[in-house]
Amino acid sequence: MSKTAEKSKVTYSDDLWECIRAVYEADGGSSVKRMLEIVQNTTQIDELPSRQTVVARAKRENWQRPDSLQQLSTAKLQK
């Protein structure tokens, strides 16, 4: 019998990912770790994706973080 453990793939709901993305794109100043704490406190979900998983998905899906609140406000005004 092989001693290599098979990793189980954890999936998260689309609603959770939308929440993480919204906080990620709204808060350019906080670390990803702090941002996940905000999501956890807001949603009361204990098991969230790791920092590395969030960063990888953000890069893959081209999430944008504002450099400042002014940039965020200008972007919202243009919608």
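**A walk through a four-helix chain**

The chain exposes about 6500 Å², and carbon and sulfur atoms supply 48% of that area. Keep in mind as you look around that this is a predicted model. Of the 79 residues in the chain, 23% are buried.

Let's begin with the overall layout. The chain contains four helices and zero strands, so reading from the N terminus the order of elements is simply α-α-α-α. Contacts also link distant parts of the sequence: among those between residues at least 6 apart, 56% join residues at least 24 apart.

How far can you trust what you see? The average pLDDT of the chain is 82, and 75% of the residues score at least 70. Residues 1-5 have a pLDDT below 50, and in the model this stretch makes zero contacts beyond near neighbours in sequence. Among the elements, helix α3 (residues 51-60) has the highest mean pLDDT, 96, while helix α4 (residues 69-78) has the lowest, 50. Where pLDDT is low, the predicted coordinates should not be read in detail.

Now turn to the interior. The largest nonpolar core holds 13 residues, and I20, Y24, M35, L36, V54 and W63 have the most contacts inside it. Helices α1 (14-26), α2 (32-43) and α3 each give two or more residues to this core. The largest share comes from α1, with five residues.

Next, look at how two of these helices meet. Two packed helices are described by the angle between their axes and the distance between the axes. For α2 and α3, the angle is about 100 degrees and the axes are 10 Å apart. This angle means that α2 is roughly perpendicular to α3, because values from 65 to 115 degrees count that way. At the meeting point, V32, M35 and L36 of α2 come up against R51, V54 and V55 of α3.

One of those residues deserves a closer look. V54 sits in helix α3. Is V54 buried or exposed? Its relative accessibility is 0%, and because buried means under 20%, V54 counts as buried. Which residues surround V54, once those up to four places away in sequence are set aside? V54 touches W17, I20, Y24, V32, M35, L36, P49 and W63. W17 in that list is 37 residues from V54 along the chain, yet the C-alpha atoms of the two are separated by 8.9 Å. If you want a starting point for exploring the core in your viewer, try V54, one of the residues with the most contacts inside it.

How values were computed. Residues numbered from 1 in each chain as written. Predicted model: local features only at pLDDT ≥ 70, side-chain atom pairs only at ≥ 80, totals over all residues. Heavy atoms only, no water. pLDDT = per-residue confidence, 0-100. Contact = heavy atoms within 4.5 Å. Core = buried A, V, L, I, M, F, W, Y, C linked by side-chain atoms within 4.5 Å. Buried < 20%, exposed > 50% of the residue type's maximum accessible area, 1.4 Å probe, protein only. Areas by Shrake-Rupley, 256 points an atom, 1.4 Å probe, with all protein chains shown as cover. Axes fitted to C-alpha atoms, helices over the stretch in contact; angles between N-to-C directions. Parallel < 35°, antiparallel > 145°, perpendicular 65-115°, else oblique.
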